[in-house]
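Have the viewer open and the selection tool ready. The tour goes from one sheet to an interface and then to a whole chain.

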Amino acid sequence: MSKLKLIIHREFIAKVRNKSFLIMTFLSPILMVVMGALVVFLMKKNDEKVKDIVYVDASGLFTKANFKDSKTVKYQDYTALGLTETKNKVENGDFYGVLYIPKKDSLELLAKSIEFYSTDSPGMSLMGGLESKVEIHLRNLKLTHFEIDLMQIKASDIDSDIKMFNFSGEESSKLINGLKIAVGAIAGYLLMMFVMIYGTSVMRSVIEEKTSRIVEIIVSSVKPFQLMLGKIIGNASAGLLQFFIWGVLLFLISIVASVVFGVDMVEMQTSKIPADQLNAAKEVVNPDKIQLILQEISRLPILKLFVLFIFYFLGGFFLYSSLFAAVGAAVDNETDTQQFMLPIMLPLILGVYVGFATVMNDPHGPIATIFSIVPFTSPIVMLMRVPFGVSWYELAISMALLIVTFVFMVWIAAKIYRVGILMYGKKPTYKDLYKWIKYKG
Amino acid sequence: MYGKYVSKKLNEKRMNNLLEIKNVVKTYGDFTALNDVSLTIPKGSVFGLLGPNGAGKTSLIRIINQITMQDAGEVYFDGKLLAPNDVEHIGYMPEERGLYKGMKVGEQALYLAQLKGLSKSEAKKRLKYWFDKFDISAWWDKKIEELSKGMAQKVQFIVTVMHKPKLLIFDEPFSGFDPINAQLIAKEILQLRDEGATIIFSTHRMESVEEMCDYIALIDQSNKILEGKLDDIKRAFRTNTFQVGVETANPKEVAARLKQLYAVFPADFRIINEGLKLNVTLKKGENPNDLLSFLTSQGQVQHFVELVPDANEIFIQAVNKNS
């Protein structure tokens, strides 16, 4: 076996045999599912609780028809009892709250004067629901006042669904846009998590070798660069294995959980997706549209996505973990790492924020484009953009820049690493690191 | 013709030396760690690399181990320029001992042996030999953190020597060992030398230098200030001073007579009977036999020893002179 292979093997085994690794690998998917199930369960429980709301309509403009009961809110007309009495009832806990509609001269004035009394402050959605009910009715009243036929308004409603095409003739839809966002976001987020977890793991492993002083024995047998590379690859392999096991376990546990607890896993996942996409998804949950989803998925450039995912995933991980290795080499213990961690974490976090903020709204806008080319953020941002189709020259520039930066940073990191692993005592400054880079041999 | 002859001659000379360090310079930024240092380490010798803390010993050892590169100068290993593969023929035990704390003894030793180029099966065979020899086979599946410091040191020694390197470098090998184990390790080191290994022995514990070293070099403030056979160096540092003890009825009188003939200094040592105790320094041309016969004529000579400086005194003298 070559020395690099030996090192990779040892790092992999050391990582995988570690108790915390085993616990993390098998416990976290269970925890994730349990937490998810708990959230869904609580939300269900929450929905089951019905709120009784009464209204006192002094204006005489509203009827029960304006306040249709929903699953969670029931309305009752208490106009006859009067506001004061009804308020007392609410205070006694008979009802959740009372909506008071006073009598006013104009609808505009009325719209601003409606009051709601309750013991605890009501949630946004409840108030929104009440406001929209009032608004719809008042608007209809105004329309009638202007002698506009409500039926005509209804009849003039039209729903447009613009079909989107690109010049290679592919048809796309809102649904597939949602899918693209999801695929890109998951890929980018996964990369960030992976870099954070396993980058720091590389760093810790370097610090451990340094504090146990074995590093001097190892580098008398192998080149520091080989050791650093072996560490990075070994940790990455352990990480990929862990991610793979997580994926399999999550899948299995989800099936088991949905059977046992009757918790709908689709519901669980969709609860995290923004509302407009959820609506888009709901529209298609009838059988003949499921075929359409599969069609849409098959239209994503799966192979291209996969290859690019691997490229940016590895490129990003190597770029960052070599920096983590350099930091580990520069310090004597983990508490000293903080000042060097910030500049590494910053572009990583920036990448995720920029990705979520810009790519979703405008995947080919200037900010998204720039950040998908700048090497330190490109792995994350480009991964998010790729599902939307990125021109080949942008990809080429981004990949070339990433490779160049990667090689350059590994070279820099290796320089810091080889000097740092043999330095003890003083906590280095950035100036020291710069000096180390300039050392010959 | 002539040039070829010279280079052949040079090669032959190199073949007798396992390691030749020529004009090596190493700087870290503004700091010079090694200033034009040259050393010759003969095959099959125990070579003491001495010097105060921070003198440059570790820098030199790291260059030999190819952990760092010199800025200038050359290192010849076994007649050829030091090459990357030579690490397989070098065993190095650093002063700051280190092993993976959470790794099992056996696995760790196998890993380190394989990094030195041994096959797994060969490494296993040799480890079994050493573990049996030190009677530590029961530790194979223990983690280093479960062992005592002395036990871990034994493992450290084994992983240093098990690939049968031509060159062994020990940095303070006896620190951390109790006297019994230190003795055991010293014996093993000398046996390895007898089997053909060359040993560099870096220390500032001088009593072990006297015991073990054939050659020494002294490095101080980045410069080599002394190098050679230990006996030769001792001879060069001898002061021609003799410690004498004579049993006589009249010590004061004898002392007065001695003073007229030689340079005499007070001395303090133990002899069984009380009498005259002095240090006598001979000048150039004066013969110790004459001194002895003079003393025998004055009384019964009980003590007559040449004061040869030990390594410690040489060390202190040389360093003081240098600074």
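Start in chain A of this predicted model. Select the four strands that make up an open sheet; their order is S2-S1-S3-S4, with mixed pairing. Which strands are at the edges? Strand S2 (73–77) and strand S4 (115–118) of chain A are, each pairing on one side only. Look at the twist next. On average, neighbouring strands of this sheet are turned by 25° against each other, direction ignored.

Zoom in on strand S3 (residues 97–101) of chain A. S3(A) pairs with S4(A) in the antiparallel sense, over four bridges. Pick Tyr100(A): its bridge partner in S4(A) is Glu115(A).

Now add helix H3 (residues 83–92) of chain A. H3(A) packs on the sheet and touches strand S1 (51–57), S3 and S4 of chain A. The direction of H3(A) makes about 160° with that of S3(A).

Move to the contact between the chains. Chain A puts in 21 residues and chain B 22 residues. On the side of chain A, select helix H1 (3–17) and helix H8 (215–219): these elements give two or more residues each. Where does the largest share of that side come from? H8(A) supplies it, with five residues. Colour the side of chain A by class: 11 residues are nonpolar, four polar and six charged.

Finish with chain B alone. Chain B holds 11 helices and 14 strands. The C-alpha trace of chain B spans about 75 × 60 × 40 Å along its principal axes. The radius of gyration of chain B is 25 Å, whereas a compact globule of 323 residues would have one near 20 Å. Of those 323 residues, 35% count as buried.

Notes. Residues numbered from 1 in each chain as written. Chains lettered and ligands numbered in written order. Predicted model: local features only at pLDDT ≥ 70, side-chain atom pairs only at ≥ 80, totals over all residues. Rg over C-alpha atoms; globule rule 2.2 N^0.38 Å. Buried ≥ 20, exposed ≤ 12 C-beta atoms within 10 Å, placed from the backbone. Contact = placed C-beta atoms within 7 Å. Nonpolar A, V, L, I, M, F, W, Y, C, P; charged D, E, K, R; others polar. Pairing = 2+ DSSP bridges. Axes fitted to C-alpha atoms, helices over the stretch in contact; angles between N-to-C directions.
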